[in-house]
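Here are a few exercises to work through with the model open in your viewer. Try each task before reading its solution.

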Amino acid sequence: MDNGLQVAIEGQFYSPDVPEGRVVSQMPPPGSRVRRGWRVRLAQSLGPQRVVIPDVTGQSPRAAELNVRQRGLELGTIAQVSLPDMPTQQIVAQSPPANAQGVQSPKVSVLMAADPQPTEYVMPNFVGRPLAEAVSKIEGAGFKVQRVYTEQEVNPLPTPKDTPPATTIVIRQNPAPGYKVTVATPVEMEVNR
């Protein structure tokens, strides 16, 4: 610009009141005092909405993108949510909704069903407790103790199902207390004997 300011068009929006190609808004606002070389951010009008917002629910993200682009729109944000009874990689909601009128932005954002995430739990502290008690609680909660060993041994002790002596105490555990675990997380116990 001849006044020493930089101009950047940072968005385009539908406007029933502002003709296509004109400025809808700017930042900083008109009349503000700024330094030479300051960047003025503009939002440009696309004119009144001329397209119908398609219904993309039930489609894959790729199909939704093609459907939206065919109408001169853009695919906006793709958010994901874990839904147990929905097919994954399928659009379950959209914004703006199908056939919406008076839409301000040429973007259609979607919510997609994602693979269900395994439930995470916080690993409790079993250090200092008898091994039999720790194994009972872990396996009672649906987890599996994969390995029990002593500091000196390379080979694991007999499986935790074999009843260890009552004096066998857990001195270290993996995962450590406080870590997030799922039922698929292998649990290891180091004991004192």
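This is a predicted model, so keep that in mind as you go.

**Exercise 1. Work out what kind of residues line the largest pocket, and which sit closest to its centre.**

Step 1: Start with the lining by class: nine nonpolar, four polar and no charged residues.
Step 2: Next, the space inside, which comes to about 180 Å³. Of the 13 lining residues, Asn3, Leu5, Gln26, Pro28 and Val40 are the closest to the centre.

**Exercise 2. Decide whether the buried residues of H1 share a side, and find what covers them.**

Step 1: Pick out the buried residues of H1: Pro61, Ala64, Asn67 and Val68.
Step 2: Look down the axis. These residues cover an arc of only 125°, which puts them on the same side of H1. A helix rule helps here: an α-helix has 3.6 residues a turn, so residues three or four places apart point the same way.
Step 3: Flip to the other side of H1, where Arg62, Arg69 and Gln70 are exposed.
Step 4: Find the cover. The buried residues have strand E4 (74-82), strand E5 (90-95) and E6 among the elements over them.
Step 5: Check what comes just after H1: Gly72, with a positive phi of about 80°.

**Exercise 3. Zoom in on Asn67: is this residue buried or exposed, and what does it touch?**

Step 1: Place Asn67 in helix H1, residues 61-70.
Step 2: Compare its relative accessible area of 14% with the cut-off for buried, which is under 20%. Asn67 is therefore buried.
Step 3: List its contacts, skipping neighbours within four places in sequence. That leaves Pro54, Asp55, Val56 and Gln59.

**Exercise 4. Do the same face analysis for H2, and name the strands its buried residues pack against.**

Step 1: In H2 (residues 131-140), the buried residues are Leu131, Ala134, Val135 and Ile138.
Step 2: Viewed down the axis, they fall within an arc of 95°, so they line one face of the helix.
Step 3: The face turned away from that buried side carries Ser136 and Gly140, both exposed.
Step 4: The packing partners are strand E8 (144-150), strand E9 (170-174) and strand E11 (186-191).
Step 5: After H2 comes Gly142, whose phi is positive, near 95°.

**Exercise 5. Locate Pro118 and say whether it is buried or exposed.**

Step 1: Pro118 is in the loop between strand E6 (107-114) and strand E7 (121-122).
Step 2: Its relative accessible area is 51%, and exposed means over 50%, so Pro118 is exposed.
Step 3: Measure along the chain and through space: Val183 is 65 residues away in sequence, yet the two C-alpha atoms are separated by 8.1 Å.

Notes
Residues numbered from 1 in each chain as written. Predicted model: local features only at pLDDT ≥ 70, side-chain atom pairs only at ≥ 80, totals over all residues. Heavy atoms only, no water. Helix = DSSP H or I, 4+ residues; strand = E, 2+ residues; numbered from the N terminus. Buried < 20%, exposed > 50% of the residue type's maximum accessible area, 1.4 Å probe, protein only. Contact = heavy atoms within 4.5 Å. 1 Å grid on protein atoms, 1.4 Å probe; cavity = no way out; pocket = protein on both sides within 12 Å on 5 of 7 lines; lining within 4 Å. Points joined across faces, edges and corners; volume = space filled by probe spheres on them. Nonpolar A, V, L, I, M, F, W, Y, C, P; charged D, E, K, R; others polar. Arc of directions from axis to C-beta.
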